[in-house]
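Good morning, colleagues. Please have the sequence and the coordinates open while I speak. I shall take strand pairing, the core, one pocket and the aromatic pairs in turn.

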Amino acid sequence: MRTGCLLPFAVICVGLVIPAEADGQIRLRDFVITEGASLEGYLGNFAAITVPQIDSTERAVAGVGEVSVRGILRLMGRENQTLDMAFDGGIRQFATGGFQLRNYAPREHSGSVETMYQRLIRGGTLTADAGARFRSIADRPPLPLYLAPGYDRYTSGVSYRYRDFLDVGVEGEIADYAAPKVLPALDLLDRSSLVVNAGVRKIYRSPAELDRNDSWGLRLFSSYSYHSYPQQGQGSTRIDHALGAGAAFQGRWERLSLEFTLEGTRSRSTSLRVEYNAARLSGRADWILGEKTQVGLYGTLARKRFIQPGQDALVPGEEADNASMLYADLTRHLGERVSGAFQFGWQKVETNISGAYYTRFGGSFFLRVRPWN
């Protein structure tokens with residue numbers, strides 16, 4: 001975690017509290033310490049610019065240990081406005097097997113901090129936020145064990161939600177990928193973005209005579225995205241323009257909650273080779289079993305088709321992927337402030353034409369502790 005970058009940002013965030021009145025006491029909310037262990041398998045024949053080593057394996061395994069902390073500081077709370085700072089940070093250590101040249105021991109550090117100011121205005125909620133996220137990877141392994149590259153990412157935005165009917169917002173982002181000297185091609189992923197979005201929704205609630213909190217609703221939304229890649233382009237910077245539209249359903253009943261989102265994207269660029277059309281379907285279901293047990297199931301199906309034939313850019317997680325994933329978890333409350341969770345997951349990413357792919361699957365156990373309420 002790049003504490004040298006996080007510290008000044010956190011100081012600025014805390015400085016925002018100074019104008020608050022004396023009764024605006026700082027409170028720590030939702031503070032959670034998580035420890036986890038995983039066993040994962042990887043299959044695939046991908047080759048990517050994110051891999052500096054050469055290794056002929058198509059199968060690898062990894063044992064992973066991790067620890068993380070997260071929480072929210074309420075810096076200011078008044079009748080019609082709040083100021084919160086959310087933070088999280090963690091470390092993951094891998095022990096790998098199956099590579100032919102040598103076995104790797106990648107270590108991932110990550111951290112983020114985000115401030116969010118909310119104020120009630122004319123029957124709606126105005127939200128302004130700013131955040132920073134940092135990630136670094138040491139001893140990066142080759143594929144098929146894929147780890148997203150390290151980066152520094154800064155975001156800020158403002159949005160307005162009128163009752164439960166209308167929402168509009170704009171967000172800016174700067175992403176700087178940490179390219180080591182042996183892999184300068186990662187600088188090609190550096191990006192500046194501006195996203196404008198708007199949506200309308202309709203929510204239905206149970207009749208008052210039923211004395212239940214059941215509700216379900218549908219949201220229709222659209223967006224425009226501007227992405228600039230300063231390290232790409234010959235003589236001029238690569239610029240992408242994307243239009244998106246979709247619908248989201250959300251329902252909550254006594255012991256069951258469901259969420260589904262369907263979204264389509266049309267992206268055009270000054271670089272013809274990266275123009276594409278894409279669609280994504282994602283969903284989540286949670287069941288409460290008794291007083292202490294909860295089961296969750298969530299997944300994503302994504303498809304992307306490039307306009308130009310023969311596209312074969314192999315950068316997992318980026319613009320050339322058709323990704324599918326499915327996860328299931330079982331959470332059990334072990335005490336007033338302790339819970340344990342088993343998670344099983346599968347993920348596959350494949351290219352459009354060549355048949356190159358990688359698959360990740362495995363199981364994890366997490367122990368979550370809330371030291372205080």
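**Strands, core, pocket and rings**

In strand β9, L218 is the residue that stands opposite K202. Please bear in mind throughout that this is a predicted model. K202 and L218 bring us to the pairing of β8 with β9 (residues 215-229), which is antiparallel and extends over 14 bridges. On the other side of the account, β8 (residues 191-205) is also joined to strand β7 (residues 166-177), again in the antiparallel sense, by 10 bridges. There, V170 stands opposite V196 in β8. As general background, side chains in a regular strand alternate between the two faces of the sheet.

I turn to the interior. The largest nonpolar core has 9 residues: Y42, A60, A62, V64, F94, F99, Y104, L145 and L147. Which strand gives the largest share of this core? It is β2, residues 59-77, with 3 residues.

Next, the second largest pocket, whose volume is about 280 Å³. Its lining comprises 18 residues, and those closest to the centre are R201, I203, G217, F249 and Q250. Four strands, namely β8, β9, β10 (238-252) and β11 (256-269), each contribute at least two lining residues. How does this lining divide by class? There are 7 charged, 6 nonpolar and 5 polar residues.

Finally, the aromatic rings. The structure holds 8 aromatic pairs, and I shall discuss two examples. Why is the pair of F134 and Y154 edge-to-face? The ring planes stand at 75°, with the centres 5.7 Å apart, and the cut-off for edge-to-face is an angle over 60 degrees. This pair links distant parts of the chain, since F134 belongs to strand β5 (residues 124-138) and Y154 to strand β6 (residues 151-162), 20 residues apart. Are the partners buried or partly exposed? F134 is buried, at a relative accessible area of 1%, whereas Y154 is partly exposed at 36%.

The other example is W216 with W253, a stacked pair with 6.5 Å from centre to centre and 15° between the planes. W216 lies in β9, while W253 sits in the loop between β10 and β11, so the pair ties together parts of the chain that are 37 residues apart in sequence. W216 counts as partly exposed, at 33% relative accessibility. W253 is likewise partly exposed, with a relative accessible area of 31%.

Thank you for your attention.

Key. Residues are numbered from 1 along each chain as its sequence is written. This is a predicted model: local features need pLDDT of at least 70, side-chain atom pairs count only at pLDDT 80 or more; totals for chains, interfaces and linings use all residues. Side-chain values use heavy atoms; hydrogens and water are left out. Two strands pair if DSSP finds at least two bridges between them. A nonpolar core is a set of buried Ala, Val, Leu, Ile, Met, Phe, Trp, Tyr and Cys residues joined through side-chain atoms within 4.5 Å. Buried means under 20% relative accessible area, exposed over 50%, partly exposed in between (1.4 Å probe, protein chains only). On a 1 Å grid over the protein atoms alone, a cavity is a set of points where a 1.4 Å probe fits but cannot get out, and a pocket is an open set with protein on both sides within 12 Å along at least five of seven lines; lining residues have an atom within 4 Å of a point. Grid points are joined across faces, edges and corners, and a volume is the space filled by probe spheres set on the points. Ala, Val, Leu, Ile, Met, Phe, Trp, Tyr, Cys and Pro count as nonpolar, Asp, Glu, Lys and Arg as charged, and the others, Gly among them, as polar. Rings of Phe, Tyr and Trp (its six-membered ring) pair if their centres lie within 6.5 Å; planes under 30 degrees apart count as stacked, over 60 as edge-to-face and the rest as tilted.
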